[in-house]
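I opened this model to look up a few local features and to record them in order. My entries follow the display.

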Amino acid sequence: MHDAAVAAVHHALVACAAAALLALAVALFLLWRRRRAAAARGTDGAVSRPGSAAATTAAPLPVVPLADVERATDGFHPSRVIGQGRHFAVYAAGPGVAAKRMHPHLVLVDPGGRRFPAAVRSLAVPPHPNLAAIVGLTEGPGERVILVERAPVGAASLDRLLGEGDARHIPTLSWRQRAAVAAGAARGLAHLHAHGVVHGRVRPCNVLVNASTGGGGARWRHATRLTDYGLAAFLDRRDDARAEDDVYMFGAVLLELLTGRRWDGGRLADWALPHIRAGGGMEVLDVARAGAPADKAEARLLARAARVALACVGNDGRSRPGMPEVSTILSDVEAAYRRRDGAPMGEDEEGDEGRLSGCLLGPSRSIHKADTLLRPPV
């Protein structure tokens, strides 16, 4: 009896020590990220160029022993599961950390194979407030695990926020909040592209919004984070992921934000883009849930966002805008909303509301041929 009690205490102490070591490793990594973010604070509203003073080098991703992750998740116990997906089960693994465990049957059919460690390490990018960072990885016999920043309490995917079900628990997004979500997602995606990473799965389910952030002011600027970036390359065995495909699918997400409708295999673009192109962008807005624009100034802001969606989705790959351009325009729209609310502005947010408002719609970029209008990325 005494031996069993001693063994139980020993097991508990070992588990606590493993969880503490895992938390310490991740905490050191996150501390490095915060310091880098503070050094690059001036690039928060734009994308730092590789080679510039603001562009930072990503820290190598730590490889955490599988035994430590198993102890931190109680042996991947079902009670620690906080999410499920097609490729991963997500476990609470420590303060602010989640472990995305690849489903065992996928490991057996070898998604990523020997490329897994190198592929995950290639996704290390400098910190950015609009990305849910990958903070480590681990693997072992039959196991492949990616450690990521855990979603804050109250966070929800954009897919849920735009859905019609569970309305009692999911808040309705206002126009200023939708502008902040669009701008934040654009900044995060532009940051990935600036560091050579293609997301590959830009969808509402991979846009995480801290829905508990009240109001529509400054805190919404960092309330949006992109998740699961870069995983398509080895999960789908794709080597042809392109930045312009990310731009196309970002345009699809932006259309869903503006209209409140599902992409539905491109049918949303079939319906919405002709209205936007003809200057009837107000006809596609989700006024049922977000309300009509308060005045002509707000209507112009939403029309600018609609023209960005048109440029992303309505152009072929060669003439789509880059994400830095998209990010700049949507950040301008977000900043205009903040000025309307009387929120304090950062230096990077000052400027004319009409800046760059037409740069995406020049004659050289506008494509009207039906055979290229809605061609999905390949």
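The entries below concern a sheet, a pocket and one arginine.

Entry 1, the sheet. I note that the model is a predicted one. I looked up an open sheet and found three strands in the order 6-7-8, paired antiparallel. Its edges are strand 6 (155-157) and strand 8 (224-226), each of which pairs on one side only. I recorded an average twist of 25° from one strand to the next. Between strand 6 and strand 7 (residues 207-210) I found three bridges in the antiparallel sense. Following Ala 156 across, I arrived at Val 209 in strand 7 as its bridge partner. I then noted helix 6 (residues 175-194), which packs on the sheet and touches strand 7 and strand 8. The direction of helix 6 makes about 35° with that of strand 8.

Entry 2, the largest pocket. I recorded a space of about 900 Å³ for the largest pocket. It is lined by 32 residues, and the closest to its centre are Val 90, Lys 100, Cys 205, Thr 227 and Asp 228. Among the elements giving two or more residues to this lining I listed strand 2 (88-94), strand 3 (97-102) and strand 6. Sorted by class, the lining has 17 nonpolar, eight polar and seven charged residues.

Entry 3, Arg 115. I located Arg 115 in the loop between helix 3 (104-108) and helix 4 (116-121). Is Arg 115 buried, exposed or partly exposed? I entered Arg 115 as partly exposed because its relative accessibility is 39%, and the range for that class lies between 20% and 50%. Arg 115 and Phe 234 are 119 residues apart along the chain, yet I found 7.6 Å between their C-alpha atoms.

Terms used
Residues numbered from 1 in each chain as written. Predicted model: local features only at pLDDT ≥ 70, side-chain atom pairs only at ≥ 80, totals over all residues. Heavy atoms only, no water. Helix = DSSP H or I, 4+ residues; strand = E, 2+ residues; numbered from the N terminus. Buried < 20%, exposed > 50% of the residue type's maximum accessible area, 1.4 Å probe, protein only. Pairing = 2+ DSSP bridges. Axes fitted to C-alpha atoms, helices over the stretch in contact; angles between N-to-C directions. Contact = heavy atoms within 4.5 Å. 1 Å grid on protein atoms, 1.4 Å probe; cavity = no way out; pocket = protein on both sides within 12 Å on 5 of 7 lines; lining within 4 Å. Points joined across faces, edges and corners; volume = space filled by probe spheres on them. Nonpolar A, V, L, I, M, F, W, Y, C, P; charged D, E, K, R; others polar.
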